Amino acid sequence: QVQLVESGGGLVQAGGSLNLSCAASARTFSNYNMGWFRQAPGKEREFVAVIAWSGGTHYADSVKGRFTISRDNAKNTVYLRMNTLKPDDTAVYYCAADRVFRTSNDYDFWGQGTQVTVSS
């Protein structure tokens, strides 16, 4: 079982930046692929970024060049640095863990989410 706790969300103006963090409880955190997803009101949850246990990354086209995913295995934490934020980035952001490297919405473990609101 893996418990995930996100933090760092908040209200920011368009063009601003936020750093999200996700702390994991797993003793074998370094074996997991870690993803970030988001869900806006009235929309389905969508993929944002994933970082493999090996460090490889993949991003949704909508955030490529603006968001950066990283991990610190010594701290059991994955991060999402979000720059040049847009109102369309407003959503609840979730981190997720899975032993399979995937961009689909079927990760084994999920956090409770953190709200990101970007004002215009």
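User: Which residues does Arg66 touch, not counting residues up to four places away in sequence?
Analyst: This is a predicted model, where local features need pLDDT of at least 70 and side-chain atom pairs count only at pLDDT 80 or more, while totals for chains, interfaces and linings use all residues. Residues are numbered from 1 along each chain as its sequence is written, and side-chain values use heavy atoms, with hydrogens and water left out. Taking contact as heavy atoms within 4.5 Å, and skipping residues up to four places away in sequence, Arg66 touches Arg81, Met82, Asn83, Thr84, Leu85, Lys86 and Asp89.

User: Is Arg66 buried or exposed?
Analyst: Arg66 sits in the loop between strand E6 (57–59) and strand E7 (67–72); strands (E, at least two residues) and helices (H or I, at least four) are DSSP runs numbered from the N terminus. The scale runs like this: buried is under 20% relative accessible area, exposed is over 50%, and partly exposed is in between, with a 1.4 Å probe and protein chains only. Arg66 comes out at 10% relative accessibility, so it counts as buried.

User: How does Thr84, one of the residues Arg66 touches, score for exposure: buried, exposed or partly exposed?
Analyst: Thr84 lies in the loop between E8 and E9. It has a positive phi of about 50° although it is not a glycine. Its relative accessible area is 47%, so Thr84 is partly exposed.

User: Asn76 also has a positive phi; which residues is it in contact with, leaving aside neighbours within four places in sequence?
Analyst: Asn76 is in the loop between E7 and E8, and its phi is about 50° although it is not a glycine. At 18% relative accessibility, it counts as buried. Leaving aside those neighbours, its contacts are Cys22, Ala23, Ala24, Ser25, Ala26 and Phe29.

User: Which residues form the disulfide?
Analyst: A search of the whole structure finds one disulfide, meaning a pair of cysteine sulfur atoms within 2.5 Å. Here the sulfur atoms are 1.9 Å apart, and the pair is Cys22 and Cys95.

User: How many residues apart are Cys22 and Cys95?
Analyst: The disulfide links distant parts of the chain, with Cys22 in strand E3 (residues 18–24) and Cys95 in strand E9 (residues 91–98). Cys22 is buried at 0% relative accessibility, and Cys95 is buried at 0% too. Along the chain, the gap between them is 73 residues.

User: What is the handedness of that disulfide?
Analyst: Look at the torsion about the S-S bond of Cys22 and Cys95, which is about 45°. With that angle, the disulfide is therefore right-handed.

User: Which residues touch the most other members of the largest nonpolar core?
Analyst: A nonpolar core is a set of buried Ala, Val, Leu, Ile, Met, Phe, Trp, Tyr and Cys residues joined through side-chain atoms within 4.5 Å. The largest one has 37 residues, and those touching the most other members are Leu4, Met34, Trp36, Leu80, Met82 and Tyr93.

User: Which elements give two or more residues to this core?
Analyst: Met34, one of the residues with the most core neighbours, touches Cys22, Ile51 and Ile69, among others. The elements giving two or more residues to this core are E3, E4, E5, E7, strand E8 (77–82), E9 and strand E11 (114–119).

User: Where is Pro41?
Analyst: Pro41 has a relative accessible area of 75%, so it is exposed. Its C-alpha is 7.0 Å from that of Ala91, though they are 50 residues apart in sequence. Pro41 is in the loop between strand E4 (33–39) and strand E5 (46–51).
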